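Trainee: Before I use terms such as donor, buried or tilted for a model, I would like to hear how each of them is justified. Could we go through them one by one?

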Amino acid sequence: MSMPISRRQSLKLLGAGAVMTVTGCRSGSEGDPGVGSGVPADVPVGDETRAPAPGAVTLADQVADVRLSLWAEPSTAGIVAGTTTDVWSFGAEVLEGDPATVRPSGSYLGPTLHLRQGQRVRVSFENRLDEDSIVHWHGLHVPQDQDGQPPEVVGPGRTYEYDFVVVDRPGTRWYHPHPHARTGQQVYRGLAGLLVVHGEEPPSLTGMAELPLVLQDRRLGPDGTLSYIGSHHDMMAGFTGETLVTNGRADCTVEVERRPYRLRLLNGANSRTSLLSLSVGEPLTVIATDGNLLPKATEVPNLLLTPAQRADVWIDFSAYEPGQRVELLSADTFVESMAMMGGMGMGGGMGSDATTELDVRNQVAATFVIGDGTGDEERRPPDDLAPFAPDAVDPGQAVNTEPKTVALSTRQATHWINDLLWEGREVTEQETVTADTIELWEFVNYSPMAHPMHLHGRSFSVVERSWDDDTLASTWDTLVPGIIDEGLRDTVLVFPGQRVRIAVPFGGYEGYFLYHCHVLEHEDMGMMRSFRVVAG
Ligand code: C2O
Ligand code: CU
Ligand code: CU
């Protein structure tokens, strides 16, 4: 059971942590305006073939508490070279503690927050937008009043004071707004940032070169103007933009050294579930999913990443020649299963053919340009993850043998969870769980589209996938090799007609938490519920 570790205990685990990171991508053209306000970008702009060394984030030797100021405000950014886009951005400043805690992203994205396991974090969030907002720390296990849920929103000009201890293991997480019905809009305008927890990690990963990659998509006018929802279909299907935007830039190009890197991938898109692969045809070596180390490095031919999911990928760029370009490719995977469309008012043809073709069309999400620089670290995938990886949640320890069914459906022009929509802190009996127990939940998808389902603050094990309607299974065949279910996750994709059984440890804090679809349009339409953790 994941009980919060005591601070003193965790402080002892931590030593100095030097972390090499490259923060940004460049569009490769002069005069890129970058971020219009807030902290200055630290990413050089100019000739893309110039060789910047990987920037270094060196955290203080001692884990000291940190106090930050964080704000959301209108700003401008250069997403496409030569244009300026009005965006909303997070900015942050360290008021007390290690200055390396906040690292500017170099784009409209919020700065990356580098936190430490065992650290007390105080954040004063100021809402400089003209609408309600609140910040959720996606993947952190914090008490209810620290979790940034819709009932906690603060209005324009108001602040929300956070004060929590980082109890989570080291890993890749993120933060984003969570006001009800406006999350899609706010994230789309630019409000999202990475949050990396540091602590004791396998020796093979310590001090590695790192490259965060935040994958998003946008609909951009020729002058760089962002547009969001244009039709009811954009809401029902979930919004996708035609332009892939990585680390805040279209045509994201990063120069890398000929050495192994840890890529910290975040799918920060509103709705697009991406199938990722490398242009060179090499498999991807995944070492962590949703901020949780895998028991062992896992090779996949391609990687399926849904909105909100993270994957840490180990990649050795010394395998390529200086000057070579290696592309990270991304294919949209959206399909509506026509067989399940009867009477759903989705628009589009009502086919009777159960097997809808998935058409895998790659776009370039990022280009790595191989530089001359090298490092002297080991050039084989890490084989020392197991002692540091969290244990799988044992379904045999669950308090229920029959899983609780969480039925996902689509009707009356919206998406439902067990025939219910968001009702704030109203919970059903099924949504009431006992602290420090493990429960089996089973998502069953009766809707014509896939839904990435997320639970706040609890990483769970995927116990089993099966088909409620196996005539639908073949549609997804091409995606199955890209799914990694071995490690703990906080977001899991459920295909139409599929049942996904998970074992959830409800350790830690009592109170109300959320579970919802992380297609932000679905969440905003009400495909979101609370669960309540009560004392046993
Ligand atoms: Cu990214 Cu309610 O979550
Ligand atoms: Cu969350
Ligand atoms: Cu959904």
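Mentor: What follows is a set of questions about the terms used for this predicted model, each answered by setting a value against its cut-off.

Trainee: What makes His451, Cys517 and His522 donors of the copper ion (ligand 3)?

Mentor: A donor is an N, O or S atom within 2.8 Å of the metal. The atoms concerned are ND1 of His451, SG of Cys517 and ND1 of His522, and they lie 2.0 to 2.1 Å from the copper ion (ligand 3), so they meet that definition. Along the chain these donors follow the spacing H-x65-C-x4-H.

Trainee: Why is the pair of histidine 451 and histidine 522 said to tie together parts of the chain?

Mentor: Histidine 451 belongs to strand β28 (residues 451-455) and histidine 522 to helix α4 (residues 520-524), so the parts that are tied together stand 71 residues apart in sequence.

Trainee: How do you know whether histidine 451 is buried or exposed?

Mentor: Buried means under 20% relative accessible area. Histidine 451 has a relative accessible area of 0%, and is therefore buried; for histidine 522 the value is 0%, so that residue is buried as well.

Trainee: Which protein atoms are the donors of the copper ion (ligand 2)?

Mentor: They are NE2 of His136 and NE2 of His454, lying 2.0 Å from the ion, and because the cut-off is 2.8 Å, they count as donors. Histidine 136 is in strand β8 (residues 135-138) and histidine 454 in strand β28, so that the pair links parts of the chain 318 residues apart. Histidine 136 has a relative accessible area of 1% and is therefore buried, and the value of 1% for histidine 454 leads to the conclusion that it is buried.

Trainee: Why is the pair of phenylalanine 513 and phenylalanine 531 called tilted?

Mentor: Rings pair if their centres lie within 6.5 Å, and planes under 30 degrees apart count as stacked, over 60 as edge-to-face and the rest as tilted. The centres of these two rings are 6.0 Å apart and the planes of phenylalanine 513 and phenylalanine 531 stand at 35°, so the pair is tilted. Phenylalanine 513 lies in strand β32 and phenylalanine 531 in strand β33 (residues 528-534), 18 residues apart in sequence.

Trainee: What makes arginine 458 a charge over the ring of phenylalanine 513?

Mentor: Its charged end sits over that ring, 4.4 Å from the centre, and because the distance limit is 6 Å, that part of the definition is met.

Key. Residues numbered from 1 in each chain as written. Chains lettered and ligands numbered in written order. Predicted model: local features only at pLDDT ≥ 70, side-chain atom pairs only at ≥ 80, totals over all residues. Heavy atoms only, no water. Donors = N, O, S within 2.8 Å, 3.2 Å for Na, K, Ca; no water. Helix = DSSP H or I, 4+ residues; strand = E, 2+ residues; numbered from the N terminus. Buried < 20%, exposed > 50% of the residue type's maximum accessible area, 1.4 Å probe, protein only. Lys NZ or Arg CZ within 6 Å of the ring centre and 35° of its normal.
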